[in-house]
Amino acid sequence: MPGAAVACTSLIFGHGQSEHERTVHALADGSRDGALFTDGIRCTANVEDLAAASWEIALSDEAGVLHLAGRTP
């Protein structure tokens, strides 16, 4: 499908309600043991921002692999 768009996202955060987000917070504050990624640098992206970007892509003629990420600190 040459006209398809694939959106690759970064680490998604929202309102703290997902299990993934709670796990990351627990790892960060030391209340849970474990590790995440050690072979890359990633930037978080807000779920509302990703939804807006995805909608913009859906309404456009963009095609291919598109990398969606949050703002750099």
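# Helix α1 and its surroundings in a predicted model

Among the elements of the protein chain, strand β2 (residues 11–13) has the lowest mean pLDDT, 82, and strand β4 (residues 64–68) the highest, 93. The model is predicted. For the protein chain the mean pLDDT is 87, and 97% of the residues reach 70 or more.

## Charged residues of α1

Helix α1 covers residues 19–29 and holds both Arg22 and Glu19. These two residues form a salt bridge, in which the closest N and O atoms are 3.1 Å apart. A search of the whole structure finds one salt bridge. Along the helix, Arg22 and Glu19 are three residues apart, about one turn. An α-helix has 3.6 residues a turn, so residues three or four places apart point the same way. Arg22 counts as partly exposed because its relative accessibility is 40%, between the limits of 20% and 50%. Glu19 is also placed in the partly exposed class, with a relative accessible area of 47%.

Glu21 lies in helix α1 as well. What is the nearest side chain of opposite charge to Glu21? That side chain is Arg22, 8.0 Å away. A salt bridge requires the nitrogen and the carboxyl oxygen to be within 4 Å, and Glu21 has no salt bridge although it is buried. Leaving aside neighbours within four places in sequence, Glu21 is in contact with Phe13, Gly14, His15 and Gly16.

## Packing and end of α1

The buried residues in α1 are Glu21, Thr23, Ala26 and Leu27. Against which element do the buried residues of α1 pack? They pack against β2, the strand with the lowest mean pLDDT among the elements of the chain. After α1 comes Gly30, with a positive phi near 85°.

## The nonpolar patch

Leu11, Val24, Leu36 and Phe37 make a nonpolar surface patch of about 340 Å². Two of these residues, Leu36 and Phe37, belong to the loop between α1 and β3. Strand β3 spans residues 44–46. Leu36 is partly exposed, with a relative accessible area of 47%. Phe37 is partly exposed too, at 48%. Both values are over 30%, the cut-off for a residue to be part of a patch.

Which residues does Leu36 touch, not counting those up to four places away in sequence? Leu36 touches Val24 and Leu27. Val24 is a member of the patch, whereas Leu27 is one of the buried residues of α1. By the same sequence limit, Phe37 touches Leu11 and Arg42. Leu11 is another member of the patch.

## C-alpha separations

The table lists pairs of residues with their separation along the chain and in space.

| Pair | Apart in sequence | C-alpha to C-alpha |
|---|---|---|
| Leu36 and Thr23 | 13 residues | 10.0 Å |
| Phe37 and Leu68 | 31 residues | 18 Å |
| Ala58 and Ala4 | 54 residues | 9.6 Å |

In the pair of Leu36 and Thr23, Leu36 is found in the loop between α1 and β3, while Thr23 is among the buried residues of α1. Phe37 lies in that loop as well. Ala58 belongs to helix α2, which covers residues 47–58. Is Ala58 buried or exposed? Ala58 is exposed, because its relative accessible area of 57% is over 50%.

How values were computed
Residues are numbered from 1 along each chain as its sequence is written. This is a predicted model: local features need pLDDT of at least 70, side-chain atom pairs count only at pLDDT 80 or more; totals for chains, interfaces and linings use all residues. Side-chain values use heavy atoms; hydrogens and water are left out. Helices (H or I, at least four residues) and strands (E, at least two) are DSSP runs, numbered from the N terminus. Buried means under 20% relative accessible area, exposed over 50%, partly exposed in between (1.4 Å probe, protein chains only). Patches are made of residues with over 30% relative accessible area and no salt bridge: like charges are joined within 9 Å, nonpolar side chains (Val, Leu, Ile, Met, Phe, Trp, Tyr) within 5 Å. Accessible areas come from the Shrake-Rupley method with a 1.4 Å probe; for residues, only the protein chains shown count as cover. pLDDT is the predictor's confidence in each residue, from 0 to 100. Lys and Arg count as positive and Asp and Glu as negative; His and the chain ends are not counted. Contact means heavy atoms within 4.5 Å.
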